[in-house]
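Colleague: Please take a close look at the salt bridges in this model. I would like to know which residues pair up and where the partners sit.

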Amino acid sequence: MTETRQPIIGQSLTRLEDPPLVRGKGRFVADVSFPHQLHMRVVRSPLAHGRLLGIRIKAALALKGVHAIWTAQDIADIGPIDFREGKIEKLEPYRQPVLAQDYVRYVGEPVAVVFAEDAYVAEDAADLVELDIEELPVIVEADAPPGVFAPGLSTEAAIVTQGFGDVEGAFASAHAIISLDLQMGRHSGVPLETRGAIGLYDSARDVLELHGAAKVPHKNRESLARMLGRTTTTLHLFEYHVGGGFGIRGEIYPEDILVLVAALRLERPVKWIEDRREHLMCANQSRQQRHLISAAVDAQGRLLAIRNEFYHDQGAYPRTHALRIAETTCGILPGPYHLGAYSATGYYRLTNKTPCATYRAPGRYETNFVRERLLDAIAERLGMSRVDVRRINLIKKEEMPYARPLSVLEDDVSYDSGDYEGLLDQSLKAMDWDALQESLKARRAKGEIVGAGFALFIEKSGLGPTDGAHVNVDTDGVVEVLTGGASVGQGFETVVGQVCADILGADYRKVRVVHGRTERIEFGIGAHASRATVMTANAVAVAAAKVRAKALDMAAELMQAQPGDLDIANGLVFRRDAPHGPSMKLGAVASALRPMAKTRGAREPGLSADGWFESEHQVYPYGNQFAVVKIDPATGAIAIERYLIAYDIGKAINPMLVRGQILGGFAQGLGGAIYEEFLYDERGEPLSVSFADYLMPTLSETPDVEVLLTEDAPSPRNPLGIKGAGESGIAPVGAAIASAVEDALQCTGLVRQLPLTPQRVKAMLKELQSRRGLPA
Amino acid sequence: MSKTPLHFTLNGRAFDLEVEPRRTLIDVIRDDCGFTGTHAGCEHGVCGACTIIVNGETVRSCLMFGFQAEGATIRTVESLSQGGPLHPLQEAFVEHHALQCGFCTPGFLMLAVGLLEENPDMDEAAMRDALSSNLCRCTGYENILKAVKDGAQRMKASHD
Ligand code: FES
Ligand code: FES
């Protein structure tokens, strides 16, 4: 057999994850059951705000098969839900209790909980629990005057600020000042799998287990241990297949704590599976912000200063992420542009609606929309083209790395690499932009409502600081990669498997990747903020390189060669100068390194190694998106005629998967731009509690997308040069579509709110007609 | 609640059960029969994750009661390859990267199998239309459509 080393990194290999999933052999949390388990059902508040006067459980408790019913007083020793990054003094009093105590603050808030032998019975019993709630006035808009959260506490839980430079001076001397009032609607990840959790207590070993973890199992273990007063060694989290994460799945919610406490106290496994209505009322929502934004510009359109004031609708309680979205909103808003001075002030306000937290591209989907609307408005005011106003402001390739005195996720902003203008030019060329303008103009002259728009953006990913991995080759040559990462369906196993196989020289199909299991590995950063690829893959690369070195060293002795004469490919060690000659399987090398093997000599037993990767700063991928839309004046529907996504990934481990991430993110972004919105009535009653009311794009609504994937700017901040792909598809979709819609309507400043539902589009058409003095 | 007898054939196996009349077919299949490949994404008939084939017709198993399947022949995703080589559509889904989390996949596979068994020559417009009845939150659909188009060809080839 001839051996040569083929690169595996960079290949569009099919995924390691797929075979069981297409066979229906995946294992999602609802598929898992334990003997003697109880089923949990949560009784939820039917009112958005009220004083909880009493709960009657007698009738429910009498139902056959009901094991126990708890209210807040049954778990009085369990504190409210903690923040992921530890203590945040000023927000502490606002944390959500596991079960409502004296007040209820959103529809769906857990008030009591039923444990029964059967899920149907648990649901029957929950219906029989009677709540006595005195209704209180609600706050449903974050820009309404703040009210009272609890005696002595305002619903304005925090104000976040960031900024630099002389903003006042810049505004005073500006050639022009452009101001907009923009609103981003409330939408969220809405994975197709609802949440679920199973608590299990092994009293023989005194180990408490949470099955159905996701996203950040290790961090959640720390938080849960703190809340439950346990050591992390006796608390373990287990991740199964996860039916979509998108930032919202895998956070700690009241139900996770309830199944754990119940498993401990009732000494039986306790299973909870959310239904869709619950999900749409209770799982984290996101995005809702109103921005009052102004730019001071010079005569050439240069951004002298931006004032960014915004109302952040947090919903009823802070969630585990605390202030992060509001802070990111401040730190990332300037995007790829130079900016002389900047001030951001975010009012972090609690409302009587479902709590909010991070959803794929948090703080970026919002700010891309706001900033790019602002840029279009500047172009309009100064009579410049939308392209030129961006060109004059873009940070240049030669200026990299580019730091500015802002922070995102407590990390100082420093763009690592990029050629923003170069990528813009590539897209303009791909779109044949000038010709496109002409053809759209001609179509508009014939009465069609068509237009094109675009948005530029910067992403951020790979926040460290540190992640580790362990690589082990067994005596059959199977490579196990032990990580503290998490898989939310993004192809984590494949990406990590490719990196390991490439660097070690293993057969990619023989790599098994372990993730989401705290009992196997002590530390892990999980899967959030697109950091899995950057951090975990680089740690795996370090470990794989060590294993390779150890394998070469051992094999060299056995093959009577120098390590430098040997290479490894497809799990075989062979001589570089004699690829047809004798070779040795990695499994055999592992055998030679077993503890009792004489061949091992003084080497440490096992063909395995740990690897750690540390990063000082995040990495900043970038891109742009272009949309061509056509509006139907009769229905207000927006049809997307063409869509281009250009993105510089630095280095793609698996281009097929990157493309998949982009397309999937785009569809979600499209949802937030046109279809998806959590609506509430004036009493705080949620109106979007089924898939009939919360509309997500189907195949019919999702256009084909052209993807221009470049690797022009690998990150200098990690050896693999990678930057992360999870959020690039979604981040500027609202911005690009809004720009295209305004172009179609030939009126800048008309789009003030996302999503652009048919009703809103029709309202804009009407406004336009009255502005232009045409009959409605 | 009293239970009533229920008999059907699921993935080639005869089942002889006693279930409460209010139990949905998806719960019977998943919990009483142990075939957990069929997923519940909404339980109100919109997402299609629970799509299976009953007596040759694709149905949403969350919208049926178990007892309505009395005497039926049922196929779920587990029937497609039964541990052997992948079904042509399963292969096409893998090769076209038509799944990420895989939660919607069994529903899409069974929907497509049902459609193509009935009309192997379905054109793209009809496919688009039919596949729009199921939701996927991860892939953006483009690859699902590609996979079904390619899978249709593979299914025909495997019949020749
Ligand atoms: S679970 Fe049946 S259609 Fe969604
Ligand atoms: S692959 Fe996740 S919902 Fe379709």
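Modeller: A:Arg642 and A:Glu706 form a salt bridge in this predicted model, with 2.8 Å between the closest N and O atoms. The two residues belong to distant parts of the chain, 64 residues apart: A:Arg642 is in strand S29 (residues 638-648) of chain A, and A:Glu706 is in strand S30 (residues 706-710) of chain A. A:Arg642 counts as partly exposed because its relative accessibility is 24%. A:Glu706, at 33% relative accessibility, also counts as partly exposed.

A second pair in chain A is A:Arg44 with A:Glu255, whose closest N and O atoms are 2.9 Å apart. A:Arg44 lies in strand S1 (residues 38-44) of chain A and A:Glu255 in helix H6 (residues 254-266) of chain A, so this salt bridge ties together parts that are 211 residues apart in sequence. Both A:Arg44 and A:Glu255 are buried. They also belong to a network of salt bridges, which links them with A:Arg41, A:Glu123, A:Arg195, A:Glu274, A:Asp275 and A:Glu278.

In chain B, B:Asp150 forms a salt bridge with B:Arg154, and the closest N and O atoms are 2.9 Å apart. Both residues are in helix H5 (residues 142-159) of chain B; they are four residues apart, so about one helical turn separates them. B:Asp150 counts as partly exposed because its relative accessibility is 22%.

Over all chains, the count comes to 76 salt bridges.

Methods: Residues are numbered from 1 along each chain as its sequence is written. Chains are lettered from A and ligands numbered from 1 in the order in which they are written. This is a predicted model: local features need pLDDT of at least 70, side-chain atom pairs count only at pLDDT 80 or more; totals for chains, interfaces and linings use all residues. Side-chain values use heavy atoms; hydrogens and water are left out. A salt bridge is a side-chain nitrogen of Lys or Arg within 4 Å of a carboxyl oxygen of Asp or Glu. Buried means under 20% relative accessible area, exposed over 50%, partly exposed in between (1.4 Å probe, protein chains only).
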